[in-house]
Amino acid sequence: MPQTVLYHFLTEVPEAAAIWSALLLLALGLLAVLVARPERDAASDPPPDPAAEEAARRADLRRYADEVAVAAAGAAQTARRRREQWLTAHDEADRAWRAYDEAETSARRFANAAALPAPHTPRTPAEYAARERWLHHAAMTAHWRGDLTARQLADVLAHRNGWNPRRHPAEQEIVLARAVREGRRATWAAAAERERRAWRDAESAAEAARTLAAESHAAAAARHPAGHAVASVEGRDDAATTRIPVPAAVPGARWRPARAG
């Protein structure tokens, strides 16, 4: 029995040692391949091409310059449209101001005439009927001119809110002139507010157009340095055409800004 165990030990240990040696050699060989492969891969990569890199950089610059140029052209078109809208609102506010100024002058003239005593007329039903007819006719005429709203005309015809048909026509004319003045003043105040909103929109659009024009100019200069001066002139022209003057600030003021050319 001891001889059999010794026999197996002497015959199997060298075989196992040989197997482990073979596995160790295989593992070392694989490790050497893995360590050496990155060096071979790195050695196999082609060197960078400066010409190709420069071409890619110029292509990026060209694409960016084209995109910015399109955005700048759209912003300039928007700025021109907003400026035209502001000019329209400005003209409407000017017309509303002139109408209000005319109504204020008329109301002031009637107010000065109110210091004179009212003419004496007989207090008869026929006289009061004539006064009522005069008031209704004058109110309807003012409504057709756009000086009285439909609600104000309804108040006149219903004799509400201070409209008394028994007053003398001279007194009625003063009350009517004041109502027309206040109506035109409200119309001008609304037009002035629309003008200010249009001016703010136009100025914001002009500022955006100037910013994009400068960006487009810089991109074009980076793309074509020789065209730097031409792009600079074009950018200044765009900026000059999109500047907006400041409109009137406070409704009720007696000053109106000059219309831009």
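These are my notebook entries on the helices of one protein chain, looked up in a predicted model.

**Entry 1. The chain as a whole**

I began with the secondary structure and found 6 helices and 0 strands in the protein chain, so that I read the pattern along the sequence as α-α-α-α-α-α. I then looked up burial, and of the 261 residues in the protein chain 28% are buried. For the contacts with a separation of 6 or more, I noted that 77% join residues 24 or more positions apart.

**Entry 2. Helix H4 and its two faces**

I turned next to helix H4, which spans residues 150-158 and in which I found Leu153, Asp155 and Val156 to be buried. Why do I place them on the same side of H4? I do so because they cover an arc of only 155° around the axis. On the face turned away from that buried side I noted the exposed residues Ala150 and Arg151. I also asked which helix the buried residues of H4 pack against, and the partner is helix H3, residues 125-145. Just after H4 I came to histidine 159, and I recorded that its phi is positive, near 60°.

**Entry 3. Aspartate 155**

Within helix H4 I looked separately at aspartate 155, and I asked whether it is buried or exposed. Its relative accessible area is 9%, and because the cut-off for buried is under 20%, I entered aspartate 155 as buried. Leaving aside its neighbours within four places in sequence, I found aspartate 155 in contact with Arg160, Asn161 and Trp163.

**Entry 4. H3 against H4**

I then took up the packing of H3 and H4, whose axes lie 10 Å apart at an angle of about 175°. Angles over 145 degrees count as roughly antiparallel, and I therefore describe H3 and H4 as roughly antiparallel to each other. On the H3 side of this contact I listed Leu135, His136, Ala139, Met140 and His143, which meet Ala150, Leu153, Val156 and Leu157 in H4. When I sorted the residues of the contact of H3 with H4 by character, I had 7 nonpolar, 2 polar and no charged. Two of the names in this contact, Leu153 and Val156, were already in my notes as buried residues of H4, while Ala150, which also takes part in the contact, was entered there as exposed.

**Entry 5. H3 against H5**

For H3 and helix H5, residues 169-223, I noted an angle of about 25° with the axes 10 Å apart. How do H3 and H5 run relative to each other? Since angles under 35 degrees count as roughly parallel, I wrote down H3 and H5 as roughly parallel, and I added that H3 passes H5 in a right-handed crossing. The contact is made by Arg131, Trp134, Leu135, Ala138 and Ala142 of H3, together with Pro169, Gln172, Glu173 and Leu176 of H5. These residues of the contact of H3 with H5 divide into 6 nonpolar, 1 polar and 2 charged. I marked Leu135 of H3 in this list, having already entered Leu135 in the contact with H4.

**Entry 6. Alanine 208**

My last entry concerns alanine 208, which I located in helix H5. Its relative accessibility is 36%, and I therefore count alanine 208 as partly exposed. I finally looked up its C-alpha atom together with that of alanine 75, and although these two residues are 133 residues apart along the chain, their C-alpha atoms are separated by 6.6 Å.

Definitions and conventions
Residues numbered from 1 in each chain as written. Predicted model: local features only at pLDDT ≥ 70, side-chain atom pairs only at ≥ 80, totals over all residues. Heavy atoms only, no water. Buried < 20%, exposed > 50% of the residue type's maximum accessible area, 1.4 Å probe, protein only. Helix = DSSP H or I, 4+ residues; strand = E, 2+ residues; numbered from the N terminus. Arc of directions from axis to C-beta. Contact = heavy atoms within 4.5 Å. Axes fitted to C-alpha atoms, helices over the stretch in contact; angles between N-to-C directions. Parallel < 35°, antiparallel > 145°, perpendicular 65-115°, else oblique. Left-handed = near helix turned anticlockwise from the far one by under 90°. Nonpolar A, V, L, I, M, F, W, Y, C, P; charged D, E, K, R; others polar.
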